Amino acid sequence: MNFLSSLDAVSSSSSAFPPSSSPFGASAATAGEPALFFADVEPGEGQRWSTWPATIPTERGPEPRPDWLVTSAGAIDTELGVVKSGKEADLFLIERAVPGADPGERGRHVVLAAKRYRGREHSDFHRSSIYTDGRGTRRSRDQRAIDNRSTFGREVAKVQWASTEFQALCELTRLGAAVPYPVQVHETEVLMEFIGDGRTAAPRLAQVRAKPGELRELFHQIVDFMHTLAGAGLAHGDLSPYNLLVHHGRVVVIDLPQVIDVIANPAGLELLHRDCVNVCDWFTRQRLECDAEELFGDLVGVLHW
């Protein structure tokens, strides 16, 4: 339960799929012909039928669901490009749309972020054990396979990371924390709300140049987020200016597969303290006075032992 590459824009050229803005952007109706119907459409290259119908209720985001969510079985997913590549997963941009829908039509057209976890053989995320201490899997056979790093174990681990991040997003959404809405999880892919405008992702905190008053507001939002987690006995575990997005003045926290139970994890307090230091060090460099030890003490006071 971390990405360091650019979030500035989607790079369609790095995708294996065509850079078309939308397979339905110029529908037959605009040319004076009848609108497209479900029976007349088949997914093309770089497309698939929406995976929403293939998921079960526990693999879908919490209710009430946002009105922009596309749940139609007739919707098609179109891959638009890579947003970023990270240590344990890659983030892609997906358009989910009902054929003939206008771009931005709520409930019929939406752009989503698809986070796809890689196996350990293609990942350089080697610090996972510090986050998974105190967890475990439901089946001892699965845990043994993960510990032995067998082929089956690597596949289980990929699914486990995706499921863990999805569950963390669901729980934090229920708590009212500022995280992307989790749409669904399907095998090793987590589909979630895309934070940005059009196809351009919101900037990371590390990229933001803000005035003192704006910095103070951003800091308070982050502290509120950390308090929300601590109230539930949790910590992000890897919080930094690189996984905090700033979208129109609102801080949204991303990269959550390593969220930890501070009490159950032997390194819980150490990871919580590191989150405090990472956040306060950055703001201090921006000349906003803050004290990591004071923040840590406040958060420990919120924990229920």
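**Reading helices and backbone turns**

User: Let's start with helix H5. Which of its residues are buried?

Analyst: In this predicted model, the buried residues of H5 are Gly268, Leu271, Leu272, Asp275, Cys276, Val279, Cys280, Trp282 and Phe283. They sit on the same side of H5, because the arc they cover around the axis is only 165°. The general idea behind that kind of pattern: an α-helix has 3.6 residues a turn, so residues three or four places apart point the same way.

User: OK, and which residues are exposed on the other side of H5?

Analyst: Over there you'll find Glu270 and Arg285 exposed.

User: What span should H5 have, going by its 18 residues?

Analyst: Counting 1.5 Å a residue, H5 (residues 268-285) should span 26 Å, and its end C-alpha atoms are indeed 26 Å apart, so the two agree.

User: Now for packing. How are two packed helices described?

Analyst: You give the angle between their axes and the distance between the axes. Here, take H4 (residues 212-231) and H6 (residues 292-302): they pack at about 30°, with axes 8 Å apart. Their crossing is right-handed.

User: Which residues of H4 and H6 meet there?

Analyst: H4 brings Val223, Met226, His227, Ala230 and Gly231, while H6 brings Leu295, Asp298, Leu299 and Val302. Sorted by character, the contact has 6 nonpolar, 2 polar and 1 charged residues.

User: What about Glu294, is it buried or exposed?

Analyst: Glu294 is part of H6. It counts as exposed because its relative accessibility is 51%, and the cut-off for exposed is over 50%. Its C-alpha atom is 9.1 Å from that of Cys276, and the two residues are 18 apart along the chain.

User: Let's leave the helices for the backbone. Which residues other than glycine have a positive phi?

Analyst: Two to look at are His248, with phi near 50°, and Arg287, with phi of about 70°. His248 is in the loop between strand E10 (244-247) and strand E11 (250-253). Arg287 comes just after H5, in the loop between H5 and H6.

User: Are those two buried or exposed?

Analyst: His248 is exposed, with a relative accessible area of 66%. Arg287 counts as exposed too, at 82% relative accessibility.

User: Last one: where is there a cis peptide bond?

Analyst: Check omega: it is about 0° for the bond joining Glu63 and Pro64, which is cis. Pro64 lies in the loop between strand E1 (47-49) and strand E2 (76-85).

Key. Residues numbered from 1 in each chain as written. Predicted model: local features only at pLDDT ≥ 70, side-chain atom pairs only at ≥ 80, totals over all residues. Heavy atoms only, no water. Axes fitted to C-alpha atoms, helices over the stretch in contact; angles between N-to-C directions. Helix = DSSP H or I, 4+ residues; strand = E, 2+ residues; numbered from the N terminus. Left-handed = near helix turned anticlockwise from the far one by under 90°. Contact = heavy atoms within 4.5 Å. Nonpolar A, V, L, I, M, F, W, Y, C, P; charged D, E, K, R; others polar. Expected span 1.5 Å × (residues − 1). Buried < 20%, exposed > 50% of the residue type's maximum accessible area, 1.4 Å probe, protein only. Arc of directions from axis to C-beta.
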